[in-house]
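Morning, everyone. I will go through one protein structure, starting with its ligand and ending with a single residue.

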Amino acid sequence: MASQVTFIGAGNMASAIIGGMIDSGYPRDAITATAPHEEALTPVRERLGIQTSTDNARAVASADVVVLAVKPQIMREVCEKLRDAVQARKPLIISVAAGLPAETLDAWLGGELAVVRCMPNTPSLVGAGAAGLYANARVSDDQRGLATELLEAVGLVEWVEEEALLEAVTAVSGSAPAYFFLMFEAMEEAGTKLGLPADTARRLAMQTAFGAARMAMDSDKAPGELKRNVMSPGGTTERAIEHLEDAGLRRIMAEAMTACAERAREMAEELGKR
Ligand SMILES: NC(=O)C1=CN([C@@H]2O[C@H](COP(=O)(O)OP(=O)(O)OC[C@H]3O[C@@H](n4cnc5c(N)ncnc54)[C@H](OP(=O)(O)O)[C@@H]3O)[C@@H](O)[C@H]2O)C=CC1
Ligand SMILES: O=C(O)[C@@H]1CCC=N1
């Protein structure tokens, strides 16, 4: 029988994962989602055909897995109210909240729990996410498998063996959709200055990013080789790449990603103290 999964929170991230689970064949009657007001739950129940509840503790009472999908700022209050229900059953806890350490969540929920912490990204909303997962020492192999199954329903899953590495995951994938969106903005602006209509430049840039990502994922060649394949000697691409290298693109990416990981570490400390 499928494990009973309760989502605390029924917003963007929870709905995306639930939708992915259903598309991959997970039984709807094994999924429950909660939110504070019935008005927000009615469309979720009608669209996804799952159980819903405004009573977090009750929804957790029969859960094998509890997915914490509320904003980090309200997590402490939510967890402390769940403490008795969680301690009575000790389900696997999966948190998709940015920044909150597994140990902090465990303490707020009363302790001695199996906790998986996940750093997802927003492309999960279209089934093309990339998530880093960390498990504390109480998580069993079966529970790891279950967490993988749930998150793989919305994209790629990579496990890290040290929790601090989730800060690097934040830099490489959690925050990274925004880097590409910035690149699209820049390419659209530059394409417009070169005379293209803005919407044409935007569509061409996005399709090219999609095609390049797909080609790199399907190929056994390293990205550097695929790059060189586009660069005819003395041609146009070589001129553009030389410009990007001379302008320090690699250094800029390294500095931006180091700053991102550093901020993730600071946020984990700040949120952990609440
Ligand atoms: N790495 C990343 O880019 C991303 C990370 N995340 C993480 O995922 C988590 C959820 O984000 P997201 O789905 O975007 O947020 P949303 O605001 O879309 O969803 C939050 C949900 O929690 C519900 N909620 C609020 N209070 C309670 C409560 N006391 N009990 C139960 N449910 C409650 C809200 O209901 P209502 O709206 O009715 O108040 C809503 O359904 C966050 O912690 C965020 O850090 C999410 C997206 C991307
Ligand atoms: O910007 C942030 O803080 C969050 C974490 C990763 C993506 N968004």
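The shell around ligand 1 holds 17 nonpolar residues, nine polar ones and one charged one. Nonpolar here covers Ala, Val, Leu, Ile, Met, Phe, Trp, Tyr, Cys and Pro; charged covers Asp, Glu, Lys and Arg; the others, Gly among them, are polar. This is a predicted model, in which local features need pLDDT of at least 70, side-chain atom pairs count only at pLDDT 80 or more, and totals for chains, interfaces and linings use all residues. Residues are numbered from 1 along each chain as its sequence is written, while chains are lettered from A and ligands numbered from 1 in the order in which they are written.

Which residues come nearest to ligand 1? They are Gly 9, Gly 11, Met 13, Ala 97 and Ala 98, out of 27 around the ligand. A residue counts as near if its C-beta atom, placed from the backbone, lies within 6 Å. Helix α1, residues 12-23, gives the largest share of the shell, three residues. Helices are DSSP runs of H or I with at least four residues, strands are runs of E with at least two, and both are numbered from the N terminus.

Next, the domains. The domain assignment, which is automatic or from a database, gives domain 1 as 5-166 and domain 2 as 177-264. Their centres, taken over C-alpha atoms, are 34 Å apart.

Last, Thr 148, in helix α6, residues 141-152. Is Thr 148 buried, exposed or partly exposed? Partly exposed, because it has 16 C-beta neighbours inside 10 Å; 20 or more would be buried and 12 or fewer exposed, with C-beta atoms placed from the backbone.
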